[in-house]
Amino acid sequence: MDFDLMLRVYPFFIEAAWITLQLSVLTTLLGLACGTLGAMARLSRLRIFRMIGAVYVSVFRGTPALIQLFILYFGGPQIGIQLDAFTAGVIGLGVNIGAYMTETMRGAIIAIDRGQTEAARTVGLSRFQTMRYVILPQAARLMIRPLGVNINALIKGTALVAAISVVELTYTAQRFIGSTYKPFEMFMISGALYMIIIYATGRGIAWLDRRARIV
Amino acid sequence: MNLDFTVIPAYLDVVLLGAVWTIAITVAAALLSFVGGIIFAVVALYAPLVVRLPFRLFAWLFMGTPLLLQLFLIYFGLVQIGIDLPAFVAGVLGLGLHFAVYNSELIQTSILAVDRGQMEAARTLGLSRGQALRKVVIPQAVRDVIPPIGNNMIALLKDSALVSVIGVSELTLSAQLAIGRTYRPFEFYVLAAAVYYVINLGMEAVQRRIELRIAAAR
C-alpha cells in the first residue's frame, strides 16, 4: 500500500464524492417522481394508462441501464435532445430506477387491505380521496424499507455515468489507476467514500422507517 | 430527426455475434456466482473465525461498492500483481464474484431456514458434519433459493453490459464497433437494447419453467 500516494490524491476523490452525492440525490428525486407516476399508471382504472405503465416497467427493467444511458447521451442528439453528461446521467439513471420504484410502490399500495378501500368508499370518500387520505398514508410506511433497497442500488449505479465521462468517484478512480498503476489504492479510497455514502443513507432510511412505524 | 435504421442489416452479424458473447459471459458468470455463492455461504456460516472475519469484510466491501469499480480493480489489479488475464476472463471473474456475494446472502438465509431436525437426523445416521451439509442441508437450501437467485441472474445479464468498459467484445462493445463505423449511436444502441430485452425475456421464461418444476417437486 502506497499511503503517500493515497494522501496526495485523496482531495480529488473528495471532490468526486461530492459529484456522486449530487447525482445520487437528484436521481433519487427523479426516480421517486417517475415511480409515483408509474405506480399510479399501473393502478389506474384506464387500460391505456395501465398498459403505458406496464411497458415502462418492462422496457426499463428489461434492458441494461448502461445502454439506456448511451441511447440518451450519444443517441439523443440525433433526435434533437442535446444534454451535458451530468444531466443525461441524472435523467437516464432516474428514469431507470423509477421503473424499479414503480414496482416497489405498487407492491406497497396493493398490500393495503382491500377492506380499507371499501370502508373509505362506503363512508363517502371519492376514489381520489380514498387514495390520498386512506391508502397512501398507510402504504408510504410500507414503502420506506424497499425504496431504501432501490436507493442503495441507485447509489452504486451512479458509477455508470463514468462511462459518459462524468467526473464522479468511479471515473476519478479509473483515471488515477491509469496514471499511477495503483488500482488497489485507488479502489480503497473510492470504495471507502462509497461505503460512507451508502452507510449514511442506510442509517437515514432506518431512522425514517422507525419514525414511520405506528406501533 | 436524423434516423436511418437501414444501416442495421450490414452490421447485424457483428451485433449478433456480440449477443452470443453476452450469453456466454452471462452463463459462465452465473455458474461461477452460483457455485461461489454456495461456497461463500458455507464459509460465512461455518468457517473458523480467522477465515470468517476477513471474508465478511470482503463481502461487505463487495456489496457496498459499484460493480464497475470492482471490474476496474480486478482487471487492472491482477495485471499489477503480474497476472495478465484476457478481458473475457477478468469480466467473468468480476461479474461472477460480485453476484456470488449477493447469492451467498440468499443462500445463508436459506441454509439457516432448513429445519434443524434435518442436520440432527443426518448426524444420527452417522453422516459427518460435512457430509450432512453437502448431502442433506445444502440441496434443500439451494432448492428454496432458486427463484430469488433467478432474479439475480437476470440482473447479471444486464450488468454484463459493464464488461464492455474493460474491453470485452460483447453486445454493447459490438454495438459501439458498428457505431464507430457508421456514426449512428441511436440506431445501434436501440438495437442492442432490443437484443438484451429478448435475451431477458428468454431468461424469464426459463426461470418460470424452473420455478414450476421446483413447485411440482415439493
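Which residues does A:Leu69 touch, not counting residues up to four places away in sequence? This tour of a predicted model returns to that question at its third stop.

**Stop 1: the two chains**

Begin by colouring the model by chain. Select chain A, which has eight helices and zero strands. Read along the sequence, its pattern is α-α-α-α-α-α-α-α. Its C-alpha atoms fill a box of roughly 70 × 50 × 20 Å along the principal axes. Chain A has 215 residues, of which 40% count as buried. Among its contacts with a separation of 6 or more, 75% are between residues 24 or more positions apart.

Now select chain B. Here, too, the count is eight helices and zero strands, and from the N terminus on the elements run α-α-α-α-α-α-α-α. The box filled by the C-alpha atoms of chain B is roughly 70 × 45 × 25 Å, taken along the principal axes. Of its 218 residues, 39% count as buried. Where contacts in chain B join residues at least 6 apart in sequence, 78% of them join residues at least 24 apart.

**Stop 2: where the chains meet**

Show both chains and turn to the place where they touch. There, 31 residues of chain A are in contact with 28 residues of chain B. On the chain A side, select α2 (47-62), α3 (65-75), α7 (169-180) and α8 (183-212), each of which supplies at least two residues. The most comes from α8(A), with eight residues. By class, this side of chain A has 21 nonpolar, nine polar and one charged residues.

**Stop 3: helix α3 of chain A and the core**

Keep α3(A) selected and hide the rest for a moment. Ten of its eleven residues are buried, so that the helix is mostly covered. The buried residues are A:Ala65, A:Leu66, A:Ile67, A:Gln68, A:Leu69, A:Phe70, A:Ile71, A:Leu72, A:Tyr73 and A:Gly75. Bring the surroundings back to see what covers them: the cover includes α2, α4 and α6 (127-157) of chain A, together with α7 and α8 of chain B.

Next, select A:Leu69 to answer the opening question. Leaving out residues up to four places away in sequence, A:Leu69 touches A:Ala88, A:Gly89, A:Gly92, A:Leu160, A:Val161 and A:Ile164.

A:Leu69 also belongs to the largest nonpolar core, which has 110 residues. The members that touch the most other members are A:Leu69, A:Leu160, B:Leu68, B:Tyr189 and B:Ala192. The largest share of this core, twelve residues, comes from helix α4 (residues 85-110) of chain A.

**Stop 4: α2 against α4 in chain A**

Two packed helices are described by the angle between their axes and the distance between the axes. Select α2(A) and α4(A), whose axes come within 9 Å and cross at roughly 120°. That angle makes α2(A) oblique to α4(A). The crossing of these two helices is left-handed.

To see the contact, display A:Gly53, A:Tyr56, A:Val57, A:Phe60 and A:Arg61 of α2(A), and A:Val95, A:Asn96, A:Ala99, A:Tyr100, A:Thr102 and A:Glu103 of α4(A). These residues divide into six nonpolar, three polar and two charged.

**Stop 5: α1 against α8 in chain B**

Move to chain B and select helix α1 (residues 8-46) and helix α8 (residues 185-217). Their axes come within 11 Å and cross at roughly 40°. The two helices are therefore oblique to each other, and their crossing is right-handed.

Display B:Ile8, B:Val15, B:Ala19, B:Thr22 and B:Ile23 in α1(B), which meet B:Glu187, B:Leu191, B:Ala192, B:Val195 and B:Ile199 in α8(B). The residues of this contact divide into eight nonpolar, one polar and one charged.

**Stop 6: a serine in a loop**

Finally, select B:Ser160, in the loop between α6 (129-159) and α7 (171-182) of chain B. Is B:Ser160 buried or exposed? B:Ser160 counts as buried, because it has 29 C-beta neighbours inside 10 Å, and 20 or more are enough for a residue to be buried.

Leaving aside neighbours within four places in sequence, B:Ser160 is in contact with B:Thr22, B:Ile25, B:Thr26, B:Ala29, B:Leu95 and B:Glu170. As a last step, draw a distance from B:Ser160 to B:Glu204, C-alpha to C-alpha: they are 16 Å apart in space and 44 residues apart in sequence.

Note on methods. Residues numbered from 1 in each chain as written. Chains lettered and ligands numbered in written order. Predicted model: local features only at pLDDT ≥ 70, side-chain atom pairs only at ≥ 80, totals over all residues. Axes fitted to C-alpha atoms, helices over the stretch in contact; angles between N-to-C directions. Helix = DSSP H or I, 4+ residues; strand = E, 2+ residues; numbered from the N terminus. Parallel < 35°, antiparallel > 145°, perpendicular 65-115°, else oblique. Left-handed = near helix turned anticlockwise from the far one by under 90°. Contact = placed C-beta atoms within 7 Å. Nonpolar A, V, L, I, M, F, W, Y, C, P; charged D, E, K, R; others polar. Buried ≥ 20, exposed ≤ 12 C-beta atoms within 10 Å, placed from the backbone. Core = buried A, V, L, I, M, F, W, Y, C linked by C-beta atoms within 7 Å.
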